[in-house]
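Me: Could you walk me through this fold, one piece at a time?

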Amino acid sequence: MIWIGDVLVSPGEGGVYGERMLEGYRVWDPRRSKLAAYYLLGGGLDLAPDMRVLYLGAANGTTASHVADYVDVVYSVEFAPRPVQDLLEIARRRKNIVPIMADANRPDEYAPFMEWVDLIYQDVAQPNQVEIAEKNLIFLKPGGHLILMLKTRSVDVRRDPADVAAGARSELERHLDVVEVRWLEPYHQDHAAIVCTHRG
Ligand code: SAM
């Protein structure tokens with residue numbers, strides 16, 4: 001990852017969503033992006049130039065645009081029409097973002113456009129977040145990684161967030177090795193980044 005002092009940045013053309021520039025780099029704000037928060041808080045799974053990424057829950061492309069600055073290609077799945085409009089505009093300017101308007105619960109619908117990926121990044125804030133991740137493992141190379149941004153309140157608002165994360169972890173361990181669980185406070189309350197490796 002690229003740091004200027006303690007500021008996380010990415011190396012792309014600016015003006016995507018009004019982000020600040022610093023020494024010609026795009027500042028990646030941990031308050032606007034859970035993935036930036038993960039890195040600011042010491043997360044260890046770096047993005048690399050040869051990576052292919054499947055991004056589930058791309059919204060208007062804020063975080064996806066930064067990921068695209070680091071990697072080879074970002075297949076960006078989003079099902080809500082309004083954010084997809086912004087995502088399409090970003091994809092017009094960044095040739096390595098492939099926008100896919102689809103429901104991440106239905107990977108069969110976008111399988112024809114997909115190839116194997118090195119990383120699945122998921123930020124969908126749905127009650128069935130783990131199930132969605134599992135369905136998309138068909139695209140993940142053996143040895144590839146999943147970063148699941150778990151919004152515990154979307155799973156169960158009444159349960160202790162630590163219990164929800166422990167439940168998600170044990171479900172994921174059916175197919176994956178969990179290598180890291182990192183809470184995203186103070187940037188994002190009750191969110192945990194669960195990082196896993198695909199056993200294949
Ligand atoms: N990752 C984005 C970022 O950092 O810029 C923010 C994502 S926002 C928290 C969650 C997004 O997931 C919303 O835009 C929502 O429409 C999308 N989403 C939720 N469920 C989905 C599904 N089943 N398929 C595709 N997109 C979904």
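What follows is a short run of questions and replies on sheets, helices and cores.

Reply: Quick ground rules: this is a predicted model, where local features need pLDDT of at least 70, side-chain atom pairs count only at pLDDT 80 or more, and totals for chains, interfaces and linings use all residues. Residues are numbered from 1 along each chain as its sequence is written, and side-chain values use heavy atoms, with hydrogens and water left out.

Me: In what order do the 7 strands of the open sheet with mixed pairing come?
Reply: Strands here are DSSP runs of E with at least two residues, helices are runs of H or I with at least four, and both are numbered from the N terminus. Two strands pair if DSSP finds at least two bridges between them. With that, the 7 strands make an open sheet with mixed pairing, in the order β7-β6-β5-β8-β9-β11-β10.

Me: Which strands stand at the edges of that sheet?
Reply: From one strand to the next, the twist averages 15°. Two strands have a single partner each, so one side of each is left without a neighbour in the sheet. Those are β7 (97–101) and β10.

Me: In β11, what is the bridge partner of Met149?
Reply: β9 and β11 run antiparallel and are joined by 7 bridges. One residue pair in β11 is Leu146 with Cys196. For Met149, the partner is Ala193.

Me: And in β11, which residue is the bridge partner of Val181?
Reply: 7 bridges also join β10 to β11, again in the antiparallel sense. Strand β11 is mostly covered, with 8 of its 8 residues buried (under 20% relative accessible area; exposed is over 50%, partly exposed in between, 1.4 Å probe, protein chains only). On one side sit His191, Ala193, Val195 and Thr197, and on the other Ala192, Ile194, Cys196 and His198. The partner of Val181 is Ile194.

Me: How many bridges pair β5 and β6?
Reply: Strand β6 (residues 73–78) has 6 of its 6 residues buried. Val73, Tyr75 and Val77 point one way, while Val74, Ser76 and Glu78 point the other way. Val73 is the bridge partner of Arg52. β5 and β6 pair in the parallel sense, and the bridge count is 5.

Me: How far apart are the end C-alpha atoms of helix α7?
Reply: Helix α7 (residues 161–172) has 12 residues, and the expected span is 1.5 Å times one less than the number of residues. That gives an expected 16 Å, which agrees with the model. The end C-alpha atoms are apart by 16 Å.

Me: Within what arc do the buried residues of α7 fall?
Reply: The buried residues are Val164, Ala165, Ala168 and Leu172. Seen down the axis of α7, they line one face of the helix, because the arc (taken from the directions from the helix axis to the C-beta atoms) is 95°.

Me: What angle does the direction of α7 make with that of β10?
Reply: Contact means heavy atoms within 4.5 Å. What covers the buried residues of α7 includes α5 (129–135), β9 (140–151), α6 (152–155), β10 (176–183) and β11 (191–198). Axes are lines fitted to C-alpha atoms, for helices over the stretch in contact, with angles from 0 to 180 degrees between N-to-C directions. α7 packs on the sheet, touching β9, β10 and β11, and its direction makes with that of β10 an angle of about 160°.

Me: Which helix supplies the largest share of the largest nonpolar core?
Reply: A nonpolar core is a set of buried Ala, Val, Leu, Ile, Met, Phe, Trp, Tyr and Cys residues joined through side-chain atoms within 4.5 Å. This one has 32 residues, and Trp28, Leu35, Tyr38, Leu47 and Val67 touch the most other members. Elements supplying at least two residues each include α1 (34–40), α2 (62–70) and α3 (81–93). The largest share, 5 residues, comes from α1.

Me: In the open sheet of 4 strands, what is the order?
Reply: β2 (residues 7–10) and β4 (residues 25–27) pair in the antiparallel sense over 2 bridges, and Val27 is the bridge partner of Val9. With antiparallel pairing, the order is β1-β2-β4-β3.
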